[in-house]
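Biologist: Could you take me on a close look at the surroundings of the ligand in this model? I would enjoy a walk through that one part, and then whatever lies around it.

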Amino acid sequence: MMSDVVQVADVFDALAAAAPEIRAGFAGRRGETDDRNATGDRQIHADLHADEVLRAHFGALDGVGQYASEECESVRDLGDGPLSVTVDPLDGSSNLGANNPTGTIVGVYDAPLPASGRDLIAAAYVLYGPLTTMVAATDDGVTRYEIAPDGRREGESVSLPADPTVYGFGGRLPDWTDDFTDYARDVEDELKLRYSGAMVADVNQVLTYGGVFAYPGLRDRPEGKLRTQFEAVPMAYIVETAGGASTDGRRSLLDVRPSELHERTPVYLGNDGLVRRAERALA
Ligand SMILES: O=P(O)(O)OC[C@H]1O[C@](O)(COP(=O)(O)O)[C@@H](O)[C@@H]1O
Ligand SMILES: [Mg+2]
Ligand SMILES: [Mg+2]
C-alpha cells in the first residue's frame, strides 16, 4: 500500500496541475448560472468549471476515495482510496466580476466525511492573483509554490511573521456584535486594513505579513458565513502549521467537528496574540 506521504504528494501534484486549467477557465465564465449551491449562494459558471476540473484530477488518483465540494450537495465516491478530499473550488468567486483575486481551498483527511480538523493530514490553497501560487501544508510544515502555466512549480518554506501588520474582517459593520466591534476598533488602531473579499487572498496576506483575518459570527447569523469543512478547517490547519492560531471564538477550528457537510462557523485566524485577544473579547 502506498504511504500517506506519496498519496499527499499526488494530491498536491494534481492541484498544481489543475490550477492553470481553472485559471484558463475564468475567461467567458464570469456570469451567473440559474442554480444555487447547498448554502444558497448563486453559482457562477467558473465555480462549476473549477469543480469539474478538480473532480477529474482528484478522481484519477488511487489514494482518493471520497470527494466533497462546496458546490455539490453530498459526498461523492471517487474510488477505493483511503483519503477524503474536500474542495472550495473557487473561493471568492464573486470577485471575478470585478477581476479581483480568487482561490481554491483543499483539505485532505484520512477519515470519512464530514471530518474534524484533527483528521486532516494535509491542506492547500491556490491563489489566482497576478501570479498563481499554491500554499501547501503537512504536519512537516508549509511551503509556498509559484505555479507556471504548464503546472511546474518551485517552492520555499513559509512561516507566519512574528510581528503582525495587516487585518481583514468580513461582514457589514451593522451586522457585527458589540463585542466583535470593540475588538475590531482595537485592531484597527494597530494594524493596516487589507480586505479583498476572497478568504484565500486575505489569509494569504496574513501569512505573508502577519496579522489577523476574521469572518465573525453576526447578530442575526451567529454561525457567520464561512463553511467549516470547505473553508475554515483547511485554512486553520495551514495557519496553525505555519506557527499561527485559529479559533471559532472558543476553541481551535481544528477541534470543530462538523455534523453536516455544509455547516458554517465563525472564523478567526492569524498571529496567536491577536487570536487569543479575539477569544477574550468574545467570551
Ligand atoms: O462579501 P463578504 O460578506 O465580505 O464575504 C466574503 C467572504 O465570502 C467568501 O467569498 C465565500 O467564499 P465563496 O466565494 O467560496 O462562497 C470568502 O472568500 C470571503 O471571505
Ligand atoms: Mg469560499
Ligand atoms: Mg466557493
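Modeller: Gladly! In this predicted model, 14 residues surround ligand 1, and those that come nearest are Asp 91, Gly 92, Ser 93, Gly 170 and Met 199. By character, the shell around ligand 1 divides into five charged, six polar and three nonpolar residues. Where does ligand 1 sit with respect to the domains? Domain 1 (4–157) and domain 2 (166–282) both contribute residues to its shell, so ligand 1 lies between them.

Let us turn to Ser 94, which is found in the loop joining strand 5 (83–91) to strand 6 (102–109). Ser 94 has 17 C-beta neighbours inside 10 Å, so it counts as partly exposed. Its C-alpha atom is 18 Å from that of Ala 19, a residue 75 positions away along the chain.

For the wider setting, an unreviewed UniProt entry annotates residues 23–147 as "domain: Fructose-1-6-bisphosphatase class I N-terminal". Over residues 23–147 the chain is 45% strand and 14% helix, with its end C-alpha atoms 11 Å apart.

Finally, have a look at helix 3. Its 13 residues (178–190) reach 19 Å from first C-alpha to last, close to the 18 Å expected at 1.5 Å a residue. Within helix 3, Phe 180, Tyr 183 and Val 187 are buried. Viewed down the axis, the buried residues of helix 3 fall within an arc of 65 degrees, and therefore they line one face of the helix. Exposed on the other side of helix 3 are Asp 178, Arg 185, Glu 188 and Asp 189.

Note on methods
Residues numbered from 1 in each chain as written. Chains lettered and ligands numbered in written order. Predicted model: local features only at pLDDT ≥ 70, side-chain atom pairs only at ≥ 80, totals over all residues. UniProt positions renumbered as here; feature names shortened; annotations may be inferred. Helix = DSSP H or I, 4+ residues; strand = E, 2+ residues; numbered from the N terminus. Near = placed C-beta within 6 Å. Nonpolar A, V, L, I, M, F, W, Y, C, P; charged D, E, K, R; others polar. Domains from an automatic or database assignment. Buried ≥ 20, exposed ≤ 12 C-beta atoms within 10 Å, placed from the backbone. Expected span 1.5 Å × (residues − 1). Arc of directions from axis to C-beta.
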